Amino acid sequence: MKVLVVTNMYPSPERPHWGAFVRSQVESLTALGVENVIVEIEGWKSVARYAHALRSLPEMARREGVDLVHAHYGLSGAAAAGVRAVPLVVSFCGDDLLGRPDDKGRITSKSRWLVSVSRLAARRAEGIIVKTEEMRRKIPERTDVEVIPNGVDLARFTPLPRAEARTRLGWPAEGQVMLFAGAPTEPRKNWALAQAVESRLKVGSHPARLVAFHDRPQEELVLAMCAADVLVLPSFHEGSPNVVKEAMAVNLPVVAAPVGDCAERLAGVSPGGIANPEPVAFGAAVEAVLRAGTRSNGREKVAPLELSAVAKRVLAVYERVLADHRRAQEERSPE
């Protein structure tokens with residue numbers, strides 16, 4: 001099987017973190033025998049790149065002789081909608097269906113436009129993959145939506161002793177650390193709540209230093225997760241946050257707001273869990289983790305989302321879509 005992978009996010013030397021989960025899925029599908037041709041739409045440079053892709057992708061699909069197109073993110077799916085000769089699978093990633101909130105938790109007007117474009121892409125697609133049940137409910141007109149969270153690379157995200165990880169990062173050996181794996185400038189991540197929790201802990205018996213860690217290669221993120229004492233995710237909105245699964249893979253306790261699939265992922269994981277996104281409740285949950293002072297059982301719980309297991313589920317979608325496409329072609333062909 002040969003697949004044209006269309007994505008607006010893929011790691012590069014300049015942006016090593018950008019779309020790492022897409023690359024991981026591509027590599028895991030390659031290991032199952034899928035031949036992948038990667039097309040990155042650099043939409044972060046100009047929205048016009050999507051219009052260019054809409055014109056160029058049909059010819060590229062024909063020239064490469066692909067069997068199927070798999071687009072990651074709603075805008076990429078819209079850009080790939082012009083490819084008609086082969087079926088289209090679209091993976092929606094989160095805010096492309098859920099919207100992106102501002103720092104008050106309200107969905108922005110630009111984001112509402114993105115959701116409308118994503119829904120158009122969903123109508124065109126023969127196959128749809130979403131990360132959570134919440135996202136699936138945003139496409140009620142389709143009964144064939146597959147809920148497949150991103151996989152986690154258990155070979156890359158593996159536990160290391162905290163002291164070793166801190167030494168390699170150059171972090172102080174003493175003191176507890178709350179890790180915020182996102183950009184403080186991203187409104188939906190709710191950095192203000194993380195800061196409020198840090199302030200509350202400073203006057204209590206378990207003070208902890210808040211560290212923001214973002215836009216870094218996965219190798220460094222692994223070290224930060226092994227060096228920290230708790231991952232905090234106080235977001236207003238998420239799809240299926242990869243950082244939660246990656247933290248689980250290294251047994252880093254997680255305290256998260258009830259967003260996306262966090263409650264499902266963290267069910268049975270201890271210490272840590274879900275907390276209301278306000279300073280008292282969230283701070284109490286973080287303090288309980290710091291007081292426990294142990295790693296979690298997250299790796300055991302996240303094992304079913306190991307990369308190869310998720311890749312097999314994605315491959316099953318490809319096979320179903322291709323079978324449906326061929327059946328439809330046969331029905332249209334004159335006898």
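**Close-up 1. Ser 91 meets its bridge partner in β5.** In this predicted model, Ser 91 is bridged to Ile 129 of β5. That pair belongs to a parallel pairing: β4 (residues 88-91) and β5 (residues 127-130) run alongside each other and are joined by three bridges. As a rule, strands of a sheet pair through backbone hydrogen bonds, either parallel or antiparallel.

**Close-up 2. The two ways out of β5.** Pick β5 and look at where its residues point: Gly 127 and Ile 129 go one way, while Ile 128 and Val 130 go the other. All of these are buried. In a regular strand, side chains generally alternate between the two faces of the sheet.

**Close-up 3. From β5 across to β6.** Two bridges join β5 to β6, and this pair of strands is parallel. Which residue of β6 is the bridge partner of Val 130? Val 147 takes that role.

**Close-up 4. The six-stranded sheet and the helices on it.** Zoom out a little and β4, β5 and β6 turn out to be part of an open sheet of six strands, ordered β2-β1-β3-β4-β5-β6, with parallel pairing. At the edges sit β2 (35-40) and β6 (146-147), each pairing on one side only. Helix α2 (residues 48-64) packs on this sheet, where it touches β1 (2-7) and β2. The direction of α2 makes about 155° with that of β1. Helix α14 (residues 307-332) packs on the sheet too, touching β1, β3 (68-72), β4, β5 and β6. Here the angle is about 135°, taken between the directions of α14 and β3.

**Close-up 5. The five-stranded sheet.** Another open sheet has five strands in the order β8-β7-β9-β10-β11, again with parallel pairing. Which strands are at its edges? They are β8 (208-212) and β11 (272-274), and each pairs on one side only. Going from one strand to the next, the twist averages 25°.

**Close-up 6. Around β10: a strand partner and a helix.** Strand β10 (residues 254-256) runs parallel to β11, and three bridges join the two. One of the residues to look for is Ala 256, whose bridge partner in β11 is Ile 274. Helix α10 (residues 242-249) lies across β9 (230-233) and β10. Relative to β9, α10 runs at about 165°.

Terms used. Residues numbered from 1 in each chain as written. Predicted model: local features only at pLDDT ≥ 70, side-chain atom pairs only at ≥ 80, totals over all residues. Heavy atoms only, no water. Pairing = 2+ DSSP bridges. Helix = DSSP H or I, 4+ residues; strand = E, 2+ residues; numbered from the N terminus. Contact = heavy atoms within 4.5 Å. Axes fitted to C-alpha atoms, helices over the stretch in contact; angles between N-to-C directions. Buried < 20%, exposed > 50% of the residue type's maximum accessible area, 1.4 Å probe, protein only.
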